[in-house]
Amino acid sequence: MKMYKNLVRTFLLSGEMPKSEKKNKVKFYITLGVIATLFIFIPCFILMAFLVGVTTDAIKEEALMNIAYQANIGNGLLLVIQFVCVFSMIFGFNIILNSFYFSGDIEHILPLPIKPKLLISSKFMSVLISESIMELLFLIAAFLGFLIVNGFNILNIVMSIIGVLTLPILPLVYCSIIALIIMKFTKLIKNKNNGLTILLLGILIIIGMVAIGYLNNDSITEFTHLLATGEVGFLNIMNYIFPSTYFLVEAVESTNIGAFIIYLLINAVAYVIFMMLADKLYIPGVKKISSNAFNSKKTLSQTLQEAKKTNYIKTYLSKELKILTRTPAFFSNCILSNLLWPIIIILIYLIQGQDNIIIEFVNHYKQQESLGLLVVFISVFAISAILTTSNSIASSSISREGKHFPFMKYIPVDYKTQINIKAATSIIVSFGFNLVYLLIICYFLEAGFIDFLVFTLVSFLSCVFFTYLGIYLDTINPKLIWEDELNSLRGNENTFFSMAISMIIAVVLGGGIYYLNRVILIPLSILKVMLIILLLMGMILIYHKVMTKGIENIEEVEI
């Protein structure tokens with residue numbers, strides 16, 4: 001047991017972000033941590049608890065009119081935890097694959113007298129703990145919202161806590177079994193950069209979107225009615241794929257100890273099956289990867305013969321873009337993540353139906369009503385800011401170098417140029433997606449050419465400002481020690497801090513513009529000019545900060 005604990009602790013520590021030893025940086029990060037808690041975690045927690053609570057309350061009202069619906073009171077909670085299970089599989093497969101087969105500790109640990117079962121179980125537990133931390137906020141909020149509305153006692157509180165901690169087990173067991181089978185019996189994945197990881201991620205997202213299609217209803221009222229009747233297709237499908245979720249909700253809803261025992265047994269049986277397969281398949285799969293590791297590598301002479309002199313700025317930019325697009329972890333988290341925002345907006349639109357707030361503001365804008373024009377303008381600024389910071393391209397620009405960080409120090413290219421190229425990479429991707437979304441939005445809004453130009457300028461300036469802000473944060477304490485690319489992003493506090501700051505700025509400036517327009521009655525045209533001037537000033541200030549203090553931070557990093 002001591003060996004097991006030490007292995008789990010070691011694997012967890014390998015993915016953590018190193019803490020700065022300088023007091024001023026520690027204080028700075030504590031301040032940013034408080035900001036992130038206040039403006040990201042707490043609002044998300046309250047929103048999730050509110051949504052589950054409101055949905056549960058609506059289902060209970062339906063159940064009062066029809067006693068047959070009484071058994072479906074927990075369907076709002078069930079929907080949330082099933083979504084959590086789906087996303088655990090989507091993002092868990094890449095983590096499992098990297099942790100089991102492509103982490104740098106494999107070649108050091110395998111020669112040690114450690115049984116395969118102990119090794120694989122400790123790796124699984126480390127992944128489970130790190131995944132649980134990521135999902136903990138949403139699950140606690142969901143169960144809390146449900147218990148407040150449905151009632152609670154000591155027993156269902158205890159069952160909820162255990163459920164929150166153990167819910168990711170089944171999705172991760174599925175991911176682990178799939179990885180074991182693929183790595184043992186096929187040659188589809190030869191290295192961690194293989195495109196199959198992206199393919200599997202895409203397939204899972206498509207399956208999820210097909211299932212989400214069942215949520216397309218005329219109104220939120222009809223949707224809650226379907227939850228009450230149990231006729232939501234997504235729930236029925238997921239009950240077969242993740243049967244443990246049904247019994248967990250049944251146990252918490254009715255304080256049913258029998259259902260809770262079944263929930264625990266399903267997880268236990270799944271884990272035992274996984275360990276039996278791992279004992280037989282894991283080591284052969286690892287050996288197959290090791291034997292094929294160098295088969296496709298070119299010799300140094302071949303590489304030199306194919307090399308040619310070219311513009312170093314173009315080469316560096318090409319290097320940055322290729323790292324983002326050819327590395328599955330970076331591609332899925334930094335590129336594909338930009339596609340989540342329109343999906344979220346579409347889901348909100350579908351759930352609300354035709355008579356919803358989105359349609360209302362679109363109509364206000366088309367009719368040139370002041371409120372519609374104001375809300376659309378603020379939304380363009382806020383979405384541009386959040387999209388730029390949420391994809392973590394800028395806030396992980398230094399961290400992504402990892403063990404190659406000396407490359408930045410020793411190549412004959414000054415830091416200013418390197419930082420500007422990294423910023424250009426973020427701007428190209430972030431503003432590229434922003435521009436596509438602006439074109440679509442302006443088409444549906446039937447916006448004029450002048451409005452489109454204003455929206456584009458505000459979006460571009462926001463993108464540039466928050467790009468350099470993210471880079472500056474990453475220079476303060478970059479996460480350079482990581483075994484695989486995903487760990488350079490997971491646990492990287494700079495991304496959360498960058499998002500928190502962008503939300504604060506969006507709320508302050510957006511709220512200020514709303515107040516000045518609706519209360520002080522300053523014309524929106526003047527406020528647009530004021531925001532553009534503020535963004536320009538902010539962009540100049542943060543650029544100067546990066547080129548002075550940011551470069552000093554990079555120079556202070558020891559290698």
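**Helix α20, its surroundings and the nonpolar cores**

Directly following helix α20, E446 adopts a positive phi of about 55°. The model is a predicted one, in which local features need pLDDT of at least 70 and side-chain atom pairs count only at pLDDT 80 or more, while totals for chains, interfaces and linings use all residues. Residues are numbered from 1 along each chain as its sequence is written, and side-chain values use heavy atoms, with hydrogens and water left out.

Helices here are DSSP runs of H or I with at least four residues, numbered from the N terminus. Helix α20 (residues 415-445) contains 31 residues and spans 43 Å from its first C-alpha to its last, close to the 45 Å expected at 1.5 Å a residue; the expected span is 1.5 Å times one less than the number of residues. At its N-terminal end, D414 acts as a cap, with a side-chain oxygen 3.2 Å from the backbone nitrogen of K416.

Helix α20 also borders empty space. A cavity is a set of points on a 1 Å grid, over the protein atoms alone, where a 1.4 Å probe fits but cannot get out, and lining residues have an atom within 4 Å of a point. A volume is the space filled by probe spheres set on the points, which are joined across faces, edges and corners. Two cavities of 30 Å³ or more are counted, and the largest has a volume of about 60 Å³. Its lining includes V380, N434, Y437 and S459. Both α18 (370-390) and α20 give two or more residues to this lining, with α20 giving the most, four residues.

Two loop residues deserve a friendly glance. Q368, in the loop between α17 (357-366) and α18, has a positive phi near 60°. S392 also has a positive phi, near 60°, and is found in the loop between α18 and α19 (405-410). S392 counts as buried because its relative accessibility is 5%, the cut-off being under 20% relative accessible area with a 1.4 Å probe and protein chains only.

As for the packing, a nonpolar core is a set of buried Ala, Val, Leu, Ile, Met, Phe, Trp, Tyr and Cys residues joined through side-chain atoms within 4.5 Å. The largest such core has 74 residues, of which I81, Y101 and F274 touch the most other members. Helix α3 (residues 75-102) is its main contributor, with 17 residues. Another core, of 59 residues, lies apart from it and has Y365, A382, I427 and I513 among its members.

Note on methods
Buried < 20%, exposed > 50% of the residue type's maximum accessible area, 1.4 Å probe, protein only. Polar contact = N/O pair within 3.5 Å; in protein donor to acceptor, adjacent residues only side chain to side chain. 1 Å grid on protein atoms, 1.4 Å probe; cavity = no way out; pocket = protein on both sides within 12 Å on 5 of 7 lines; lining within 4 Å.
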